[in-house]
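Subject: Handing over the structure

Hi,

Here is the structure I promised to pass on. Have a look at it first, and then read my notes underneath.

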Amino acid sequence: MGNNSNRPLFKRIAALSLATLAVGVFAAGGANADASKKRRVEVIELQLKDLEYESFDLGKPGPSLGDMTVYCATAVENGRNVGQGAGTSHVVSARGGKVTSQAVITIELKRGSLTMQSLRPEEASSVDMAITGGTGAFKDARGSVRYWDINTPQERLRAEILH
C-alpha cells in the first residue's frame, strides 16, 4: 500500500483543510445573513414630463461614435412635481446600422439624488439601468431602474432601491 509514514501528516493536512473550509463557509453564510437583514427595498414610480431633448451629430455625418444626446425632464409622482431628472447619452457603437448609446442619468428629489447608468440600443423603448450611487437619503443606494416609453410624453420609471 505504499509508504505509510506520510499518512498521519496527510490526515492532519486534510483535517485542517476541512476545518478551514467549514469555518469559511459558516463565516460567509453569517455575513450574507447579516447583510440581507440590513437591506430594504424602496420603490419609487415617476412620470417624466416637459421633456427637453437635444441631439448633437458630432464627428461623421449620421450616427457615429461620440454623437451625443442631452435631456432633462420634470419628475412627477401622483400628479405632483417632486424633482427633476437629467442625463446624457453618447453613441458607443454604430456597427451595421445598429446604434448603441451609453446613458447616464441623475434624478434629483427632495430627499437626495439617484444616479444610474446603462447601455441602450437606439430602437429600445424601455431600458433597465443600474443605480450607481446617490446623495442624501440615497447615499448608499444600489438597485435598478426601469424606464418605459423613452422619449415620449408617457415616459415613466420604476426604481427599486436597495438601502
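Below is what I found, taken region by region.

Please keep in mind that this is a predicted model.

**The nonpolar core**

A good place to begin is the largest nonpolar core, which has 24 residues. The members that touch the most other members are Leu46, Ile107, Leu109, Met116, Tyr147, Leu157 and Ile161. Many strands take part: strand 1 (41-56), strand 2, strand 4 (100-109), strand 5 (112-121), strand 6 (127-134), strand 7 (142-148) and strand 8 (156-162) each supply at least two residues. Strand 4 gives the most, with four residues.

If you want one residue to click on here, try tyrosine 147. Leaving aside residues up to four places away in sequence, tyrosine 147 touches Leu48, Ile105, Ile107, Met116, Ser125, Ser126, Val127, Met129, Glu155, Arg156 and Leu157.

**Salt bridges**

The structure holds six salt bridges, and three of the pairs are described here. Arginine 158 pairs with glutamate 45, and their closest N and O atoms are 2.4 Å apart. This pair links distant parts of the chain, since arginine 158 sits in strand 8 and glutamate 45 in strand 1, 113 residues apart. Arginine 158 also forms a salt bridge with glutamate 160, where the closest N and O atoms are 3.1 Å apart. Through shared partners, Glu45, Arg158 and Glu160 are joined into one network.

How open to the surroundings are these residues? Arginine 158 is partly exposed, with a relative accessible area of 29%. Glutamate 45 counts as partly exposed at 47% relative accessibility, and glutamate 160 counts as partly exposed at 34%.

Another salt bridge brings together the side chains of aspartate 140 and lysine 139, at 3.9 Å from N to O. Aspartate 140 and lysine 139 are both exposed.

**Pockets**

Next, the pockets. The largest pocket has a volume of about 500 Å³. It is lined by 32 residues, and Tyr53, Thr69, Ser89, Arg120 and Asn151 lie nearest its centre. At least two lining residues come from each of strand 1, strand 2, strand 3 (80-93), strand 4, strand 5 and strand 6. By type, the lining of the largest pocket divides into 20 nonpolar, seven polar and five charged residues.

The second largest pocket holds about 170 Å³ of space. Its lining is made up of Ile44, Leu46, Glu77, Arg80, Asn81, Val82, Leu109, Lys110, Arg111 and Phe138. Strand 1 and strand 3 each supply at least two of these residues, with the largest share, three residues, coming from strand 3. The lining of the second largest pocket splits into five nonpolar, one polar and four charged residues. Leu46 and Leu109 line this pocket, and both are also among the core members that touch the most others.

**Threonine 74**

One last residue to visit is threonine 74, which lies in strand 2 (residues 68-77). Which residues does threonine 74 touch, not counting those up to four places away in sequence? They are Gln47, Leu48, Lys49, Asp50, Asn81, Gly83 and Gln84. Threonine 74 is also 22 residues from glutamate 52 in sequence, while the C-alpha to C-alpha distance between them is 9.4 Å.

Enjoy exploring it!

Best wishes

Key: Residues numbered from 1 in each chain as written. Predicted model: local features only at pLDDT ≥ 70, side-chain atom pairs only at ≥ 80, totals over all residues. Heavy atoms only, no water. Contact = heavy atoms within 4.5 Å. Core = buried A, V, L, I, M, F, W, Y, C linked by side-chain atoms within 4.5 Å. Buried < 20%, exposed > 50% of the residue type's maximum accessible area, 1.4 Å probe, protein only. Salt bridge = Lys/Arg side-chain N within 4 Å of Asp/Glu carboxyl O. 1 Å grid on protein atoms, 1.4 Å probe; cavity = no way out; pocket = protein on both sides within 12 Å on 5 of 7 lines; lining within 4 Å. Points joined across faces, edges and corners; volume = space filled by probe spheres on them. Nonpolar A, V, L, I, M, F, W, Y, C, P; charged D, E, K, R; others polar.
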